[in-house]
Amino acid sequence: MLDVDKIKNDFPMFKNHPELVYLDNGATTFKPSCVIEMIKKYYESSSVNVERGDYLLSHEVSSAYEKARNTVAKFINARKDEEIVFTSGATDSLNMVAYGLIDKLNKDDVILLTYAEHASNILCWFDVAKRKGCKIDYIDLEPNGRMRLDTLIDKLNFYGNKTKVVSIAHISNVLGYKQDIKEIAKIVHQYGALLVVDGAQSVPHIKTDVQMLDIDFLAFSGHKMCGPTGIGILYGKYDLLDQLHPMRYGGGANSRFDINGNIILQITPHKFEAGTPNIAGALGLAAAIDYLNDIGMDNIEAYEQELKAYMIEKLSKLENIHIYNADTTSGIVAFNAIDVFAQDAGSYLSTKNICVRSGNHCAKILHNLIKTDQTCRASLYFYNTKADIDKFVAECANLNIENCINIFF
Ligand SMILES: Cc1ncc(COP(=O)(O)O)c(C=O)c1O
């Protein structure tokens with residue numbers, strides 16, 4: 001059991017906004033004091049660059065930066081620290097994989113995605129496919145977002161050894177379905193393709209073991225797991241990561257270069273971290289991971305499932321609410337109020353100090369699956385309570401055209 005009252009005290013946002021029911025954790029999460037303190041400490045007491053200065057403070061900060069890499073590696077059970085690249089977020093990480101593979105992709109190769117992917121896991125592949133003459137295709141999903149393994153196999157059989165990459169979200173940001181990544185990895189590897197996993201909505205909420213799941217590349221963001229904005233992670237199995245073409249060049253990522261354009265890059269992962277990195281972000285992310293570890297990822301997952309079940313139980317009693325994903329286990333609930341435009345519902349809830357997301361959630365081709373462009377999304381984290389849900393459900397009961405129009409007058 002989590003002591004949520006105690007946990008809430010760790011988050012200054014709750015002290016500054018005691019009235020707020022924050023159910024937009026899929027977008028970003030609040031930061032505990034230990035993360036804020038870590039960032040402050042860096043800027044106040046050790047605000048120097050990493051891997052560049054021959055003085056004690058720079059050595060100390062460099063070693064703290066590498067220790068943060070180790071914290072991340074352990075958190076996802078990477079084989080070694082060198083499999084962890086600091087990026088600016090999941091979007092950056094996914095772009096680094098897509099463009100990093102550009103030399104390995106050939107005309108008519110196939111990249112498989114799903115309709116439920118976030119723009120960050122689609123647009124970079126579109127561009128790479130266009131540049132290389134590759135084909136993009138989609139693995140069909142069931143209406144709740146589940147990928148059936150036989151559907152995946154059919155698709156891979158259809159393309160034979162032409163499929164080079166399968167890139168999918170572990171947990172979709174709209175429907176919240178958790179894919180069976182371990183089985184998917186087995187199948188994808190049998191066909192000789194790479195499995196890229198968008199972990200933006202999974203790593204913050206469930207224990208992630210990249211070795212057990214046999215993931216080739218994993219992308220996630222710090223800010224969705226109590227860490228700072230502007231920091232994220234690209235994990236890659238070392239040999240695969242090492243073969244990626246770096247997207248960026250600059251200081252810190254090269255060992256030497258000459259006037260003829262010859263460049264000798266640093267070793268992996270440093271060759272992917274050109275320029276001054278987000279040092280405060282990396283240290284803040286490590287503090288967030290320590291914080292999550294103290295609570296326990298299994299506890300977080302179990303508590304979120306309990307909250308989600310409670311929300312579904314209460315919400316499904318309302319006749320004016322349509323839920324799209326009642327049977328998924330993550331803390332994401334996608335819904336609409338009958339006859340109410342999703343963004344009007346979001347604006348109405350905002351007048352009651354309830355924050356949800358509404359719109360297409362950057363999953364702009366998902367309407368192929370759920371037959372609607374716009375939904376509201378309530379997304380939970382371990383600091384939410386049943387009282388939050390009660391307040392939210394009570395206001396959902398009031399979501400009708402009249403109430404939603406009245407907020408504009
Ligand atoms: C599934 C998924 N992938 C990728 C991203 C992009 O994350 P970021 O904006 O932190 O780069 C998001 C953000 O909402 C997401 O939900």
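**Group meeting: two domains, one hairpin and some unusual backbone angles**

Let me start with Asp-108. Asp-108 counts as exposed, because only 11 C-beta neighbours lie inside 10 Å. The cut-offs: a residue is exposed if 12 or fewer other C-beta atoms lie within 10 Å of its own, buried if 20 or more do, and partly exposed in between, with C-beta atoms placed from the backbone. Phi of Asp-108 is positive, near 75°, and the residue is not a glycine. Asp-108 sits in the loop between helix H5 (90–100) and strand S3 (110–113). Helices (H or I, at least four residues) and strands (E, at least two) are DSSP runs, numbered from the N terminus.

Two words on the model. It is predicted: local features need pLDDT of at least 70, side-chain atom pairs count only at pLDDT 80 or more, and totals for chains, interfaces and linings use all residues. Residues are numbered from 1 along each chain as its sequence is written.

Next, Asp-339. It is not a glycine either, yet its phi is positive, about 70°. Asp-339 lies in the loop between S12 and helix H13 (342–351). Buried or exposed? Asp-339 is exposed, with 10 other C-beta atoms within 10 Å.

Why mention these angles? Most residues other than glycine have a negative phi, and most peptide bonds are trans.

There is a cis bond here. It joins Thr-268 and Pro-269, with omega about 10°. Pro-269 is in the loop between S10 and helix H11 (279–295).

S10 also belongs to a hairpin. Strands S9 (residues 254–257) and S10 (residues 263–265) pair antiparallel over 3 bridges. Pairing requires that DSSP finds at least two bridges between two strands. Phe-257 stands opposite Ile-263 in S10. Between the strands are 5 residues, and Gly-261 in this hairpin has a positive phi near 90°.

Now the domains. The assignment gives domain 1 (4–25 + 296–406) and domain 2 (46–293). Such bounds come from an automatic or database domain assignment. The domain centres, taken over C-alpha atoms, are 29 Å apart. The contact takes 25 residues from domain 1 and 20 from domain 2. Contact means C-beta atoms, placed from the backbone, within 7 Å.

Which elements give two or more residues to the domain 1 side? They are helix H12 (297–315), strand S12 (332–337), helix H14 (367–370) and strand S15 (375–379). H12 gives the most, with 5 residues. That is the picture.

Methods. Two residues are in contact if their C-beta atoms, placed from the backbone, lie within 7 Å.
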